[in-house]
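Visitor: I am new to reading protein structures, and I would like to learn how to go through one feature by feature. Could you take me through an example?

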Amino acid sequence: MTSQKNISKRDFLRKAGLTTAGAVSASALAMPYVKAQTPIKWRLQTYAGPALAEHVIKNSIDWFNKAANGEMEIELYTADQLVPHGELFRAVQSGTIDAAQSDDDSAAAPVDVKVFGAYFPLAARYSLDVPALWHWHGLKEIWEEAYAEIPEVTWLSTGAWDPCNFGTTKPIKSLADLQGLRVYTFPTGGQFLSRFGVVPVSLPYEDVQPAMQTGELDGVCWCGITEMHTVGWADALKYYLTNPLSGAWAGSYFVNTEKWKAVPEHLQQLFQLAIDASHYYRQHWYWAGEARYRNEGKLELTTIPEAEWAKVEEEAVSFWEEIAQQSPRNAKVVEIIKKYNESMRKAGAPYRYS
């Protein structure tokens, strides 16, 4: 009797074991295999200081990190936090950082077309001119060609920011008032403005406001009125010149090529979507802010008469021709900009107002 009970017990356990194994096998076949892996970690440095970064990139990086669902995380660093801004491009190239957001000009990108980054004088009237030029008039393909010649860096995208106007501690009401003004500005923009007596000054980003407060700087020609208020510069300035050096900043995203190749295709696409989302956000944030702070801001508005400002516009065209002489590719870009602006003038309002 005992023997029969033991045999029955053994048979039961054996059968139960087979059933359990079958259930596990079926379950294993039904469930996808997930390989445990360490999330991809990137470090990205922006040209912007902390307050501005909240609007020009941080929100989109937050969106990316959430949507990446633990597969990838981008750590964001602000201006000069990891490397000096002038070394930003080289830092991406060497792999010191994985990605950067900046204009080509101030990041010292080693390409001929860098002069068209940031604010190429009087080339754009509105922020929509930048994506129109890149996506519909051939600049995207030219940028891809230019950066394909540079090892270890991949250019991903260029989008628009705010216009470029003077914010100063002294009023500007004529071209004569520009003489001797010490201004924080971009390399190519400063090269152009020096023709009117402006003294371009290069400083670390965080030193700009103290330099204005101590009188070492007379102002900035770096951004629009939204940015001046957002980063606190309006507290050290008194005047805002409504005549723009340019209607929109052209800023780009760069990544280390090997790090980019190591990112799965679906995450590459997600990052591109995050960049596009950032481009879109800036379009309406800056557009709304430029009007708001002219009406409700801290700065007194001044304007150089249109007939006098026309001299600046004429000089800009001469400047374009000089830039065109630097390389066949630059000549091609200048020709595109000239044809684009002529097309906008022919189209009339709201593209261009006479």
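Guide: We will go through this structure step by step, beginning with its overall make-up and ending with its empty spaces. Please keep in mind throughout that this is a predicted model.

Visitor: Where should I begin, and how many helices and strands does the protein have?

Guide: A good habit is to start with the secondary structure, which here comes to 12 helices and 11 strands. After that, one can ask how the chain is folded back on itself: among contacts between residues at least 6 apart in sequence, 78% join residues at least 24 apart. Burial is another overall figure, and buried residues make up 50% of the 354 residues in this protein.

Visitor: How do I read a sheet, and in what order do the strands of the five-stranded one lie?

Guide: One reads a sheet by listing its strands from one edge to the other, and then by asking how they pair. The five strands here lie in the order β2-β1-β3-β10-β4, forming an open sheet with mixed pairing. At its edges are β2 (72–77) and β4 (153–160), each of which pairs on one side only, and from one strand to the next the twist averages 20 degrees. To see a single pair, look at β1 (residues 40–46) and β3 (residues 99–102), which run in the parallel sense and are paired over three bridges; there you will find threonine 46 opposite glutamine 101 of β3.

Visitor: Which helices pack on that sheet?

Guide: Helix α2 (residues 50–67) is one of them, and it touches β1, β2, β3 and β10 (250–256), with a direction that makes about 165 degrees with that of β2. Helix α10 (residues 265–296) also packs on the sheet, touching β1, β2, β3, β4 and β10, and its direction makes about 25 degrees with that of β4.

Visitor: What should I look for in the interior, and which residues have the most contacts inside the largest nonpolar core?

Guide: The general idea is that nonpolar side chains tend to be buried together in soluble globular proteins. In this model the largest nonpolar core has 111 residues, and those with the most contacts inside it are Phe116, Trp143, Trp233 and Phe271. You can follow phenylalanine 271 outward as an exercise: leaving aside neighbours within four places in sequence, its contacts include Trp42, Leu44, Ile61, Phe64 and Ile74, and also Leu156, Tyr253, Val255 and Trp260.

Visitor: How many strands form the other sheet, and which are at its edges?

Guide: Six strands form this open sheet, in the order β7-β6-β8-β5-β9-β11, and the pairing is again mixed. The edge strands are β7 (199–201) and β11 (300–302), each pairing on one side only, while the twist averages 30 degrees from one strand to the next. Within this sheet, β5 (residues 165–168) and β9 (residues 239–241) pair in the antiparallel sense over two bridges, and glycine 167 has tyrosine 240 as its bridge partner in β9.

Visitor: What backbone details are worth checking, and which residues are joined by a cis peptide bond?

Guide: One can check the omega angle for cis bonds and the phi angle for positive values. Alanine 349 and proline 350 are joined by a cis peptide bond, with omega about 5 degrees, and proline 350 lies in the segment after α12 (328–347). Positive phi in a residue other than glycine is found at aspartate 80, where phi is near 65 degrees; aspartate 80 is in the loop between β2 and α3 (88–94).

Visitor: Why does aspartate 80 count as partly exposed?

Guide: Aspartate 80 counts as partly exposed because its relative accessibility is 22%, and the partly exposed class runs between the 20% and 50% cut-offs.

Visitor: How do I read the empty spaces, and what is the volume of the largest cavity?

Guide: It helps to separate enclosed cavities from open pockets. A search of the whole structure finds two cavities of 30 Å³ or more, and the largest cavity has a volume of about 120 Å³. Its lining has 15 residues, with Phe116, Phe120, Ala123, Trp134 and Ala250 nearest its centre. The largest pocket holds about 1200 Å³ of space; 38 residues line this pocket, and Leu122, Ala124, Arg125, Pro244 and Glu313 are the closest to its centre. Helix α11 gives the most to the lining of the largest pocket, with eight residues.

Conventions. Residues are numbered from 1 along each chain as its sequence is written. This is a predicted model: local features need pLDDT of at least 70, side-chain atom pairs count only at pLDDT 80 or more; totals for chains, interfaces and linings use all residues. Side-chain values use heavy atoms; hydrogens and water are left out. Two strands pair if DSSP finds at least two bridges between them. Helices (H or I, at least four residues) and strands (E, at least two) are DSSP runs, numbered from the N terminus. Axes are lines fitted to C-alpha atoms, for helices over the stretch in contact, and angles run from 0 to 180 degrees between N-to-C directions. Contact means heavy atoms within 4.5 Å. A nonpolar core is a set of buried Ala, Val, Leu, Ile, Met, Phe, Trp, Tyr and Cys residues joined through side-chain atoms within 4.5 Å. Buried means under 20% relative accessible area, exposed over 50%, partly exposed in between (1.4 Å probe, protein chains only). On a 1 Å grid over the protein atoms alone, a cavity is a set of points where a 1.4 Å probe fits but cannot get out, and a pocket is an open set with protein on both sides within 12 Å along at least five of seven lines; lining residues have an atom within 4 Å of a point. Grid points are joined across faces, edges and corners, and a volume is the space filled by probe spheres set on the points.
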